[in-house]
Amino acid sequence: MSDPSQHPFADYDPASGRTLDRPDSGGSGGVGAGGVRSNSGGNGGPSFRAILTWSVAVVLIALTFILQRPGAPDAEATERLVTGLDVPGVPSRQRLLIKIALAGSERGNIDTPTPFGAFIQPMIDAEAGFKHDRKGGIFSPPPAATDPVVIPHRDQASAADRLRAAMLAGAISGPGAALNRLELVEPFIDPASDLAVDVRLLSDHFRALAAADRDASPLAEGGSSESAVPDLLDRHGLFAAAALALVSDEAESQVESAANTGNIILLVLVLFGIGFAGVMLAGLVLCIIGLIGLSQGWVRFKFRDWIRRDELVERDRLVWVETLVVFLATFAGLKILLGALEAAKVNESILSAAGLFGQWLVLPSIFWPLARGVSWQRWKTHLGWSVHPDPAPSSQTAGQLPGAPAPSGSVLREAGAGLLGYCAWLFIYVCFALVWAIAYTLISEALGLRGPGGLQDNKVVDIFGGGGPFEIFMIVLLASIWAPVVEETIFRGVLFRHWRPRLGFFLSALATAAIFAALHGYGPAQLVMVAMLGVGFALIREWRGSIIGCAAAHGLHNFVVSVLMIVLFGILA
């Protein structure tokens, strides 16, 4: 806009916080009392521009949600995985789990059952599509590997995953547990598959162990099929090594090395758990202090009081809604482009680089109001990137129009307050997570629903598990900087800021958190937990007035998770 008088905030005086009365310039909205521009049409209803902008926003939210959902698996590729014609490599998450399962054991075989295997086996079984046939529900102890298992859905997991679950069960609880699973897997495997040979050899192997005759195993040193051992180890990694440790020196050596690595991983998890317990205790104390402060009146919500004043001087609100539209359009466009590259069978490394670098192209969308003529100071104040002073005294005259307060205070103080708020919310978050896990399990069992089971595929986790240093660095950068800046600007700066004076805190926080979660590519259970984080960030925004604390909390959360993954998968490598 070359003419400064035409932009939406040309008559806003940031020094006094007042609007300047002047005739309407002929824009889509009229001028209300006190010279405040309105977004309504001449009859007092929403203007055509407002309806159109929100309609586009809703369509883009729905489109982005759809684009973030995992695509439907290719039927032919799924059939090849289920029947064993295709044998995928052992994913990073399974390699991590089996090393934990083998931890604490000198050999990691049926002579010395592993103390942690009983906790890992149900996870591996769930990922393999096995369901334990037992009573007692979620309140009973974890199922033993010897419990009878069934396959509830044929197309739920690959034959390789099921075969590996059988191998681990044999190493943890003896040959009977392995044979139980192998008998269930065998009918579904294509006779032409390499896994059909694996099932036959492993069945003979575990029958020999059940008869306490190791030398009778075809896979033993000098056995009829000893030459098949390297192929088994190559296809199934540590799972095969755990099953063969009693009859193969090479497998036994791999198991001992894996057990040592598992011990280190457990030590890291224990140290993390101790630190996490300390944070939970601090969070409980902060929650109590916060409740006392609210009851005594020395903890106040800055945003609630400030927004009432700022609403009096707010100009064209659609500029901020347009920011949401531009963000969603850019993000959806990136997803469509990546989908097209994937469909064109572009090299996987190029596709990964395009995704990692492409997200930074979404960052400029948050500055859309500046392109529409909004001043830098107004952009920071409205979206919450400036520090708000304490609420005005209650003795202020009702007719006064203080407008948007001038920035004051310290950014570091706001960031520190955000981290304290996050610590307090984390205690509530974990308590909710436990309740939600129980409720979700009960609902799933009652409705007979089953998801993919186990830990779902996650491209971010796969990068941490198998990506190069540069890819991991880019992921940490996106999680710790891009996400806090862009997502907090859009969700707590634009959406929550727009809905707060209209819907109140709870409805606006829940609505914003729901959209925030929906635009992440997770399953139903995880989406609820992401939404809970969004509610916590909205609460920090309500308390402090700015989104500086929200961004600090968001960045810390993502950074800690990223560091934990780097450490665990680094040890794994």
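Trainee: Why is Val430 called partly exposed?

Mentor: Val430 has a relative accessibility of 22%, and the label depends on where that value falls, since buried means under 20% relative accessible area, exposed means over 50%, and partly exposed is in between (1.4 Å probe, protein chains only). Because 22% lies in between, Val430 counts as partly exposed. This is a predicted model, in which local features need pLDDT of at least 70, side-chain atom pairs count only at pLDDT 80 or more, and totals for chains, interfaces and linings use all residues. Residues are numbered from 1 along each chain as its sequence is written, and side-chain values use heavy atoms, with hydrogens and water left out.

Trainee: Where is Val430, and which residues does Val430 touch?

Mentor: Val430 sits in helix α16, residues 411–447, where helices are DSSP runs (H or I, at least four residues) numbered from the N terminus. Leaving aside residues up to four places away in sequence, Val430 touches Phe276 and Met280, a contact being heavy atoms within 4.5 Å.

Trainee: What makes Phe559 partly exposed?

Mentor: Phe559, which belongs to helix α20, has a relative accessible area of 40%, and because this value is neither under 20% nor over 50%, Phe559 is partly exposed.

Trainee: Which residues form the nonpolar patch on the surface?

Mentor: The patch is formed by Phe272, Phe276, Leu419, Leu556, Phe559, Val560, Val563 and Val567, with about 560 Å² of accessible area together. Patch residues have over 30% relative accessible area and no salt bridge, and nonpolar side chains (Val, Leu, Ile, Met, Phe, Trp, Tyr) are joined within 5 Å. The elements giving two or more residues to the patch are α10 (249–296) and α20 (548–572), and the largest share, five residues, comes from α20.

Trainee: How do you know that the length of helix α12 agrees with what is expected?

Mentor: The expected span is 1.5 Å times one less than the number of residues, so the 26 residues of α12 (residues 318–343) should span 38 Å, and the end C-alpha atoms are 37 Å apart, which agrees.

Trainee: Why are Lys345 and Ala212 called exposed?

Mentor: Lys345, in the loop between α12 and α13 (348–358), has a relative accessible area of 72%, while Ala212, in the loop between α7 (194–210) and α8 (229–236), has 70%. Because each value is over 50%, Lys345 and Ala212 are exposed. Lys345 has a positive phi of about 60° although it is not a glycine, and Ala212 likewise has a positive phi of about 60° without being a glycine.

Methods
Patches are made of residues with over 30% relative accessible area and no salt bridge: like charges are joined within 9 Å, nonpolar side chains (Val, Leu, Ile, Met, Phe, Trp, Tyr) within 5 Å. Accessible areas come from the Shrake-Rupley method with a 1.4 Å probe; for residues, only the protein chains shown count as cover. A salt bridge is a side-chain nitrogen of Lys or Arg within 4 Å of a carboxyl oxygen of Asp or Glu.
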